[in-house]
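Please open the model in your viewer and keep the sequence panel beside it. The tour below moves from one selection to the next and says what is to be found at each stop.

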Amino acid sequence: MARFFVEKEKIGEGFIIIDGSDAHHIARSLRMAEGDEIVVCDGSGTEYRCRLTRIRDEECRCEIIEQLVSEAESPVEITLCMAYPKGDKLEVVIQKAVELGASRIIPFESSRCIKRPKAEKAEKQTARLQRIAEEAAKQCGRAKIPTVVQPMSYSAMLDEAKGCSAALFCYENEGGLTVKNLLKEMNKPDSIAIIVGAEGGFSPEEAEEAKARGCLSVSLGNRILRCETAPLFALTAISYEYEL
Ligand code: SAM
């Protein structure tokens with residue numbers, strides 16, 4: 001069933017207004033008819049099964065049939081902190097991270113980043129990454145649209161990560177605790193941050209700083225994963241542990 005996200009002010013008493021490009025998409029691309037059903041989400045976790053009652057290119061109206069409890073959101077609020085990678089890897093990681101349940105993505109700069117975000121392009125690039133996140137959320141049936149924030153420094157990222165109940169520092173030199181054992185041993189947290197390095201990994205100083213700030217250093221296994229693979233592995237482990 002087609003899924004659309006609207007701002008909360010478009011949700012009335014028993015009805016919802018859909019306008020802009022989504023209205024045009026309903027009328028022209030999907031060529032939907034009055035009586036057809038759609039799912040409408042308010043972007044923060046509430047969704048509604050609705051029936052279209054009026055279709056115009058510029059605005060559609062639907063009546064609310066029932067409010068639904070989304071089963072597509074992770075029970076753990078996940079923040080993915082991703083060191084800035086080369087090429088278009090960040091776009092791919094964001095799309096997959098949304099499918100795997102992340103609700104916030106924080107790109108950050110570390111000492112070994114090969115490619116660095118350009119401050120003057122940050123706003124435009126983040127808007128593009130946010131669109132990728134929104135499209136992925138629609139495709140996979142999320143009730144929330146994950147947030148992509150502008151790139152930040154290593155230290156600022158650690159501040160954000162430490163705002164979560166648990167911050168997992170994915171460290172390729174961590175010979176001890178695996179992500180599997182950590183997730184099994186700890187009580188299910190309300191929120192988790194996953195911190196992943198770029199192609200060059202983390203410096204020992206960065207690893208020390210993360211541990212000193214209370215991040216939990218975890219291994220993702222005995223192979224060195226690419227920076228675009230590691231976050232997906234960690235997100236899958238969390239989904240496996242807490243959702244399946
Ligand atoms: N230092 C790595 C090397 O020797 O090739 C390069 C970093 S790796 C390509 C990118 C990031 O993925 C790492 O910084 C780490 O965050 C994560 N990572 C990759 N493999 C991992 C593993 N086996 N355990 C924990 N983290 C891993």
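What follows is a walk through strands, rings and pockets in a predicted model.

**The parallel sheet**

Begin by selecting the strands β8, β7, β6, β10, β9 and β11, which in that order form an open sheet of six strands with parallel pairing. At the edges you will find β8 (147-148) and β11 (216-218), each of which pairs on one side only. Strands of a sheet pair through backbone hydrogen bonds, either parallel or antiparallel. Within this sheet, turn to β9 (residues 166-170) and β10, which run parallel and are joined by four bridges; as an example of the register, Leu-168 has Ile-194 in β10 as its bridge partner.

**The antiparallel strands**

Next select β3 (residues 37-41) together with β4 (residues 46-55), an antiparallel pair joined by five bridges, in which Val-39 stands opposite Arg-49 of β4. The hairpin of these two strands has four residues between them, and Gly-43 takes a positive phi near 85 degrees there. Extend the selection to β5 (residues 59-69), which pairs with β4 in the antiparallel sense over nine bridges, the hairpin from β4 to β5 passing through three residues. Here Arg-54 stands opposite Arg-61 in β5. Stay with Arg-61 and add Phe-15 to the view: the charged end of Arg-61 sits over the ring of Phe-15, 3.9 Å from its centre.

**The aromatic cluster**

Now show the side chains of Phe-108, Tyr-154, Phe-169, Tyr-171 and Phe-202, which ring pairs link into a cluster; the structure as a whole holds five aromatic pairs. Look at Phe-108 and Phe-202, whose rings form a stacked pair at 6.4 Å centre to centre, with 0 degrees between the planes. This pair links distant parts of the chain, since Phe-108 belongs to strand β7 (residues 102-108) and Phe-202 to the loop between β10 (191-196) and α6 (204-212), 94 residues apart. With a relative accessible area of 0%, Phe-108 is buried, and Phe-202 is likewise buried at 1%.

Keep Phe-202 selected and bring in Tyr-154: the ring centres of Tyr-154 and Phe-202 are 6.1 Å apart and the planes stand at 55 degrees, so the pair is tilted. Because Tyr-154 lies in helix α4 (residues 154-161) and Phe-202 in the loop between β10 and α6, this pair ties together parts that are 48 residues apart in sequence. Both Tyr-154 and Phe-202 are buried.

**The two largest pockets**

For the last part of the tour, display the surface and select Glu-172, Ile-224, Leu-225, Arg-226 and Ala-230, the residues nearest the centre of the largest pocket, whose lining consists of 23 residues. The volume of the largest pocket is about 370 Å³, and its lining divides into 10 nonpolar, six polar and seven charged residues.

Move finally to the second largest pocket, which holds about 210 Å³ of space. Of the 16 residues that line the second largest pocket, Phe-5, Val-6, Glu-7, Asp-22 and Glu-134 are the closest to its centre, and the elements that give two or more residues to this lining are β2 (15-19) and α1 (20-29). Colouring the lining of the second largest pocket by residue class will show six nonpolar, three polar and seven charged residues.

Methods
Residues numbered from 1 in each chain as written. Predicted model: local features only at pLDDT ≥ 70, side-chain atom pairs only at ≥ 80, totals over all residues. Heavy atoms only, no water. 1 Å grid on protein atoms, 1.4 Å probe; cavity = no way out; pocket = protein on both sides within 12 Å on 5 of 7 lines; lining within 4 Å. Points joined across faces, edges and corners; volume = space filled by probe spheres on them. Nonpolar A, V, L, I, M, F, W, Y, C, P; charged D, E, K, R; others polar. Phe/Tyr/Trp six-rings, centres within 6.5 Å; stacked < 30°, edge-to-face > 60°. Buried < 20%, exposed > 50% of the residue type's maximum accessible area, 1.4 Å probe, protein only. Lys NZ or Arg CZ within 6 Å of the ring centre and 35° of its normal. Pairing = 2+ DSSP bridges.
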